[in-house]
Amino acid sequence: MAIECNCAMLMLKARRDGAAFARSLMLGHQGLGLGDAAYRAFHHACGSRPASPRPAYADDLFSALGADQVDVMDFSNYEGANLLHDLNQPIPAHLHGQFDVVVDGGTLEHVFNVPVALRNIMELLRPGGRFLSATIPNNWCGHGFYQFSPELFFRVFSPDNGFRVEGMFMAEIDGSQWWSVRDPADARSRVELVNDRPVYLLVQAIKEAVVPVFSKTPQQSDYVVAWAGDHGPARHAGWKQRLRSLPILRSLDAAHRRRQVRRWASFDNPNLYAPFTPPVRL
């Protein structure tokens, strides 16, 4: 786990958007995953001086952003965490509302009980606090327990739970290109991706109110629309469907459908994705 260039650029963007970092919490002790040039550029953007020698962990990035206190929550203190807690279990009440920012630089996908971990994150933040995450949606199979979809974070960090998503982005692993991700509820379709390179999902959400978390269970938006609709009686297959059932046409149709899916579930689909330039590039 490390703060790499995409997560670091998200942190800089959040500060520009008004995020306070006074009391910051890392989920897991994040290593410093920036190259020398990117590390210097980060400090330059903050008006601070990089440490020499380079530290192993990312604590000084938070200090550069204005943190007075940087805490680390982890299952054990094997990497120097000062708040020992298993995110699979509810956090104690004395930690509720204590943090200005909670940063997940690659921990959530390794936690089995994701709903409890998400509730913990939301309860750790004070009103006005931000959740920042660089997690994995695509081409990381086997890296952790899970790969996550944008829909999960749009439905969880919602007004029902006292939150609002300020920005959600996909970024190729080297940070060369970001795309803004549309909320599936607004797109009125699933936001899917079929691609060839590992991608990060970057989430920036703000806590706007203290409300009971998950008093309303998040539901996938296209099913909510389907459940509310009246689709009428099932229709029998027409002549076009019967024609497509012929073996040779079925094979051609399957190849055509694969090409359509590949085009639709791509960054070239403007209904789902839009190119985005972060305020600072590293």
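## Close-up views of the predicted model

**Figure 1. Arg164 is partly exposed, with a relative accessibility of 37%.** The model shown here and in the views that follow is predicted. Glu208 is likewise partly exposed, its relative accessible area being 47%. The two side chains, Arg164 and Glu208, are joined by a salt bridge with an N to O distance of 2.8 Å. Arg164 belongs to strand β8 (residues 163–172) and Glu208 to the loop between β10 (199–207) and α7, so this contact links parts that are 44 residues apart in sequence. Side chains of opposite charge can pair in this way when their charged atoms come close.

**Figure 2. Arg197 and Asp174 form a salt bridge between two loops.** The closest N and O atoms of Arg197 and Asp174 are 3.6 Å apart. Arg197 sits in the loop between α6 and β10, and Asp174 in the loop between β8 and β9, so the pair ties together parts 23 residues apart in sequence. Both ends are partly exposed: Arg197 has a relative accessible area of 33%, and Asp174 has a relative accessibility of 41%.

**Figure 3. Glu151, Arg155 and Asp183 are joined into one network by salt bridges that share partners.** Within it, the salt bridge of Asp183 with Arg155 has its closest N and O atoms 3.0 Å apart. Asp183 lies in the loop between β9 (178–181) and α6 (184–187), while Arg155 is in helix α5 (residues 150–156), so the connected parts are 28 residues apart in sequence. Asp183 and Arg155 are both buried. In the whole structure, a search finds twelve salt bridges.

**Figure 4. Helix α4 (residues 114–124) is largely enclosed by the rest of the structure, because nine of its eleven residues are buried.** Among the buried residues of α4 are Val114, Val116, Ala117, Leu118, Ile121, Met122 and Leu124. Asn120 and Glu123 are also on the buried list.

**Figure 5. The largest nonpolar core has 42 residues.** Val102, Phe153, Phe157 and Tyr273 touch the most other members of this core. At least two residues of the core come from each of β2 (23–27), β6 (99–104), α4, β7 (125–138), α5, β8, β9 and β10. Helix α4 supplies the largest share, six residues. With neighbours within four places in sequence left aside, Phe157 is in contact with Leu118, Ile121, Met122, Phe131, Phe163, Arg164, Val165 and Ala205. Another core lies apart from this one and holds 38 residues, including Ala38, Leu61, Ala64 and Trp178.

**Figure 6. Nine strands form an open sheet with mixed pairing.** The strand order is β5-β4-β2-β6-β7-β10-β8-β9-β11. β5 (83–84) and β11 (273–276) are the edge strands, each with a single partner, so one side of each has no neighbour in the sheet. At one edge, β9 and β11 run antiparallel and are joined by four bridges, with Val181 opposite Tyr273 in β11. At the other edge, β4 and β5 run parallel and share two bridges; Met73 has Leu83 in β5 as its bridge partner. Strand β4 (residues 69–74) also runs parallel to β2, with five bridges between them, and Arg23 stands opposite Gln69 in β4.

**Figure 7. The backbone has a cis peptide bond from Ser52 to Pro53 and positive phi values at Arg188 and Phe214.** Most residues other than glycine have a negative phi, and most peptide bonds are trans. The Ser52 to Pro53 bond has omega near 0°, and Pro53 is in the loop between α2 (36–46) and α3 (59–64). Arg188 has a phi of about 55° and lies in the loop between α6 and β10. Phe214 has a phi near 60° and is found in the loop between β10 and α7. Arg188 is exposed, at 65% relative accessible area, whereas Phe214, at 18% relative accessibility, counts as buried.

**Figure 8. Tyr223, Val224 and Trp227 form a nonpolar surface patch.** Together, Tyr223, Val224 and Trp227 have about 340 Å² of accessible area. Trp227 belongs to helix α7 (residues 221–228). With a relative accessible area of 57%, Trp227 is exposed. In an α-helix there are 3.6 residues a turn, so residues three or four places apart point the same way.

Definitions and conventions: Residues numbered from 1 in each chain as written. Predicted model: local features only at pLDDT ≥ 70, side-chain atom pairs only at ≥ 80, totals over all residues. Heavy atoms only, no water. Patch = residues over 30% accessible without salt bridge, like charges linked within 9 Å, V, L, I, M, F, W, Y side chains within 5 Å. Areas by Shrake-Rupley, 256 points an atom, 1.4 Å probe, with all protein chains shown as cover. Salt bridge = Lys/Arg side-chain N within 4 Å of Asp/Glu carboxyl O. Buried < 20%, exposed > 50% of the residue type's maximum accessible area, 1.4 Å probe, protein only. Core = buried A, V, L, I, M, F, W, Y, C linked by side-chain atoms within 4.5 Å. Contact = heavy atoms within 4.5 Å. Pairing = 2+ DSSP bridges.
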